[in-house]
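Biologist: I would like to learn how to read the features of a model like this one. Could you walk me through it?

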Amino acid sequence: MGDPEAFAKLELELRRGVVVLATLSQLRAPRYGYELRQALAEKGMAIEEGTLYPLLRRLESQGLLGSEWRITEGPPRRYYALTAEGETLLRQLTAAWRSQNAALDSLLEEDGR
Amino acid sequence: MNAEKLIESYVTEVAQRLPRRQRNDVAFELHALLHEELAAKAEAAGRPADPEMATELLQGFGHPTHVAARYRPPVTIIDPADGQTFLRATVIGLVVIWSLGLLQAFLAIPTANLGWLTALGYWWGGTVIPSLWWPGVLVVSFGLAAWSRRRWPERAVWQPRTREHVQGGRTGLVFAVLGILLGLAILLEPRRLLDVVWQGRAAPAAYEALTYNELFRSQQGPWILALLLSNVPLLVTALVQGRWSPALRRLQVMSSLGLCGVLIWATLGGPIFDVEASDRVTKIALVATVVFTLGTLGHQWFRRVRPAPRSPRAR
């Protein structure tokens with residue numbers, strides 16, 4: 001039986017690598033933090049709130065996301081969406097992810113035979 | 001404290017650690033988001049939000065220091081790749097400084113008529129606490145090196161280098177030869193230094209302080225001179241060849257070990273100078289030189305690489 005602590009650590013590293021891609025993928029249309037977290041969780045990509053909310057600000061400061069406060073319905077909420085630069089990066093990351101995923105799939109299938 | 005106050009206090013703790021320009025905006029957003037998280041948690045639990053639930057949520061969110069750090073791009077002062085080297089340099093440097101300070105404190109016990117505890121107190125206040133300059137210097141140096149590698153990555157590209165590489169290049173060797181010759185000139189007659197600096201007008205006590213003990217002059221002195229001088233042809237050969245051949249390296253190591261032996265002999269074998277104060281200071285300098293030289297040689301020996309398969313452990 002593998003070491004559960006080592007597994008948890010390595011799995012966290014795997015997830016860390018895709019957090020940005022997962023986040024960008026769900027911001028083609030504007031979303032606020034909590035809504036985004038729910039959307040990601042519903043699709044099987046639960047990201048801790050303490051990680052996701054600060055990440056949104058960091059991506060914004062890198063010019064990949066734009067944001068605005070909306071107070072039309074309910075409490076004031078800050079909505080985030082991809083900028084043009086963010087869209088370009090999303091396309092590049094998606095292509096890179098698909099290529100790596102295909103390679104890894106093929107490696108794992110070989111190993112599983 | 002109720003759930004609302006807990007969230008407020010948490011948000012304030014996070015926001016206080018953020019830059020002023022984003023502090024209020026992040027606090028406002030974080031406050032709203034935590035409220036939504038708490039409401040969802042309460043709904044899932046089927047009961048109104050209470051302080052325990054809020055505490056659990058906030059603890060899961062992370063320590064305010066860590067959360068605040070996540071809002072900003074990570075700052076790396078020392079490259080992770082340099083971490084081990086930094087740690088080693090810090091520990092070795094501190095051990096050397098503390099050991100020399102301890103030696104100085106113990107040497108002062110008979111002369112200043114100090115007790116052991118008083119000497120240790122002087123060592124603590126005069127060596128250990130001030131020695132923190134060393135880690136400080138290392139942090140700045142490693143930080144500048146890391147910054148420079150990020151700023152000019154093209155200069156940090158690996159370059160092929162053989163084991164015969166001359167550290168500091170030919171210029172370094174020229175300076176080493178000049179340094180040895182200058183050191184020899186001073187060693188032959190240290191009082192000449194007073195003539196050079198004060199044009200012969202230095203106090204008679206200064207001349208007296210730099211007068212060798214006759215026994216040292218006849219016993220250890222010539223050996224030190226000879227061993228120092230033996231480095232000159234080695235350095236000149238390396239300068240001409242532009243490399244340190246294995247034979248030259250071996251000769252240099254032997255010369256350094258010989259010099260260390262003679263320096264230890266000089267330190268323990270009687271007075272070097274007739275005046276006690278200059279004798280003590282010189283011996284401290286000699287001990288420091290021996291420690292540094294042996295430390296450098298030991299470091300080189302410890303870090304040598306001889307590729308070979310690891311032998312299986314005997315069971």
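Modeller: Gladly, and let us begin at the end of a helix. In this predicted model, α5(B) is followed by B:N113, whose phi is positive, near 55 degrees.

Biologist: What length should helix α5 of chain B span, going by its residues?

Modeller: The idea is to allow 1.5 Å a residue and compare. Helix α5 of chain B covers residues 83-112, so its 30 residues should span 44 Å, and the end C-alpha atoms are 42 Å apart, which agrees.

Biologist: Let me pick a residue in that helix. Is B:T90 buried, exposed or partly exposed?

Modeller: For this we count neighbours: 20 or more other C-beta atoms within 10 Å would make a residue buried, and 12 or fewer would make it exposed. B:T90, which lies in helix α5 of chain B, has 15 other C-beta atoms within 10 Å and is therefore partly exposed.

Biologist: Which residues does B:T90 touch, leaving aside those up to four places away in sequence?

Modeller: B:T90 touches B:P135 and B:L138. In that part of the chain there is also B:L132, 42 residues from B:T90 along the sequence, with the two C-alpha atoms separated by 9.7 Å.

Biologist: Now for pairs of helices. How are α12(B) and α13(B) oriented to each other?

Modeller: An angle over 145 degrees counts as roughly antiparallel. Helix α12 (residues 220-241) and helix α13 (residues 246-268) of chain B cross at roughly 160 degrees, their axes coming within 10 Å, and they are therefore roughly antiparallel. Their crossing is left-handed. On the α12(B) side the contact includes B:W223, B:L227 and B:L234, and on the α13(B) side it includes B:L251, B:L259 and B:W265. By class, this contact has 12 nonpolar, 7 polar and no charged residues.

Biologist: And what is the angle between α2 and α3 of chain B?

Modeller: Helix α2 (residues 20-45) and helix α3 (residues 51-61) of chain B pack at about 125 degrees, with axes 10 Å apart. That makes α2(B) oblique to α3(B). The crossing here is right-handed. B:L34, B:E37, B:L38, B:K41, B:A42 and B:A45 of α2(B) meet B:M53, B:A54 and B:L57 of α3(B). The classes are 7 nonpolar, no polar and 2 charged residues.

Biologist: Is there a general reason for such spacing along a helix?

Modeller: An α-helix has 3.6 residues a turn, so residues three or four places apart point the same way.

Biologist: Stepping back, how many helices and strands does each chain have?

Modeller: Chain B has 14 helices and 0 strands, whereas chain A has 4 helices and 3 strands. Read along the sequence, chain A runs α-β-α-α-β-β-α.

Biologist: What share of the residues is buried in each chain?

Modeller: In chain A, 21% of the 113 residues count as buried; in chain B, buried residues make up 13% of 315. For sequence range, take contacts between residues at least 6 apart: in chain B, 66% of them join residues at least 24 apart, and in chain A the figure is 42%.

Biologist: Last, the interface. How many residues of chain A are in contact with chain B?

Modeller: There are 13 residues of chain A in contact with 13 of chain B. On the chain A side, α2 (33-42), α3 (49-61) and β3 (77-82) each supply at least two residues. α3(A) gives the most, with 7 residues. By class, that side of chain A divides into 5 nonpolar, 3 polar and 5 charged residues.

Conventions: Residues are numbered from 1 along each chain as its sequence is written. Chains are lettered from A and ligands numbered from 1 in the order in which they are written. This is a predicted model: local features need pLDDT of at least 70, side-chain atom pairs count only at pLDDT 80 or more; totals for chains, interfaces and linings use all residues. Axes are lines fitted to C-alpha atoms, for helices over the stretch in contact, and angles run from 0 to 180 degrees between N-to-C directions. Angles under 35 degrees count as roughly parallel, over 145 as roughly antiparallel, 65 to 115 as roughly perpendicular and the rest as oblique. A crossing is left-handed if the near helix is turned anticlockwise from the far one by less than a right angle, and right-handed if clockwise. Two residues are in contact if their C-beta atoms, placed from the backbone, lie within 7 Å. Ala, Val, Leu, Ile, Met, Phe, Trp, Tyr, Cys and Pro count as nonpolar, Asp, Glu, Lys and Arg as charged, and the others, Gly among them, as polar. The expected span of a helix is 1.5 Å times one less than its number of residues.
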